[in-house]
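Student: I am new to this structure. Could you take me on a close look at the empty spaces enclosed inside?

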Amino acid sequence: MKAITIREVQVTLTAPAGSRLVVVKVETSEAGLYGLGCATFTQRPLAVKTAVEEYLRPFLIGKEADRIEDIWQTCYQNSYWRNGPVLNNALSGVDMALWDIKGKTAGMPVYQLLGGKCREGAAVYRHADGREPKEVEDRVRAWMAEGYQYVRAQMGGYGGVGWRKWPKEEAARYAPEVVRGEEEEAARRAAPKGARPGVYYDPRAHMLSVVKLLDHLRAEIGFEVELLHDVHERLAPIDAVGLAKAVEGHKLYFLEDPLAPEDLEWLEMMRAQTSTPIAMGELFNNPREWTPLIARRLIDFMRMHMSQMGGITPARKAAAMGEMCGVRTAWHGPGDVSPVGHAANLHLDVACPNFGVQEFGGFGEAEQEVFPGCPEVRGGYLYPNDRPGLGVDLDEKAAARYPCFEGPDAWTVTRRPDGSAARP
Ligand code: GCO
Ligand code: MG
């Protein structure tokens, strides 16, 4: 049989729900046979586009599309310097597209190529947020009423308390909900004279507010719902250890990113002091970050952003390693993962015995218009559509109707009360 080769590689940037998404399309020598992959690094989409168009495309044209592993390894090595957010996302777009093509060629969904279903659908968690515990409680109850068993509870997002000296229209564009005089006034009082603009948050106040929030939710709702919380690496390491201990009795499903990738050494201390389940990984883009944590059982859930790893090929290996070490998967799945990326998450979720839970931000009408075949959520579970490949398509005309905004993000310009820069 004549080998199916790669004929073209294209990148689409689109933002149907506001977040900038990057999708790679790999077309083959067989008419109408193509694959799609998620390469979404939402903070630097143009950098990924260039890496695909200028470096991977010329390298791939003419290659046999069925040789996923060899293509992954040669693309990974080809830049000599490897890993990192831009190159891994570029590689992921191609990798997922090749798995999509292999599924279509075989006439079966990708999860069948991964060993078939372990479960019919993947349990997902939704986000509940608010400015007061009662607001968050109402949101959690609303998700429970829709059948969700897992809810992430935040108060004030990841701890931001308002904008400083940003022109109102700029602040309104990025975070309309935080443009309230009183917070701004409060923040203004805290910082030294001449402090620079940014998203100010107070780690200590945030830590105490999380304890207050979870105390409230367990007192009002009890243990009927699995609760999760994302610290978003916003606390000093010792305060993160303190928080993990302080909320131990609330039996969280997991506490996410209590530490930054730069502070992983503190995990051992945290482990020694508390049994609060720990989830980490969305910021990882080098196997040197996730393999030691899995092997040493320092985390309970791997939260990698699949395209930041380089796609399905490395993710299925990390998942298999996790199975051997009692570490479950909880792939990153907010709005800055395209529906193609969500489908890739989902195919591993239904095929991996050590699946834990799947983050899910929901698909709005515009996203479903741009990406026909979005997985469906029913009763708290996300279901693959059983079509060959990953099951999601791309309407390029519709995608063009939702252009991406230009330039850097503003929400990542985060500052401590004294005006110094902090991790977002
Ligand atoms: C999450 C994440 C996200 C990230 C976002 C960065 O757990 O969903 O922390 O909210 O902040 O993906 O662009
Ligand atoms: Mg997170």
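Tutor: Gladly; here is a walk through the cavities and the residues around them. This is a predicted model, where local features need pLDDT of at least 70, side-chain atom pairs count only at pLDDT 80 or more, and totals for chains, interfaces and linings use all residues. Residues are numbered from 1 along each chain as its sequence is written, chains are lettered from A and ligands numbered from 1 in the order in which they are written, and side-chain values use heavy atoms, leaving out hydrogens and water.

Searching the whole structure turns up 2 cavities of 30 Å³ or more. A cavity here is a set of points on a 1 Å grid over the protein atoms alone where a 1.4 Å probe fits but cannot get out, and lining residues have an atom within 4 Å of a point. Points are joined across faces, edges and corners, and the volume is the space filled by probe spheres set on them.

The largest cavity has a volume of about 40 Å³. Around it sit Cys 38, Met 96, His 305, Met 306, Ser 307, His 332, Val 337, Gly 341 and Asn 345. Helix H12 (306–309) and helix H14 (339–351) each give this lining at least two residues; helices are DSSP runs (H or I, at least four residues) numbered from the N terminus. By class, the lining has 4 nonpolar, 5 polar and no charged residues, with Gly counted as polar and Asp, Glu, Lys and Arg as charged.

The second largest cavity has a volume of about 30 Å³. Its lining consists of Pro 334, Gly 335, Val 337, His 342, Gly 361, Gly 362, Phe 363 and Glu 367. These divide into 3 nonpolar, 4 polar and 1 charged.

Conventions:
1 Å grid on protein atoms, 1.4 Å probe; cavity = no way out; pocket = protein on both sides within 12 Å on 5 of 7 lines; lining within 4 Å.
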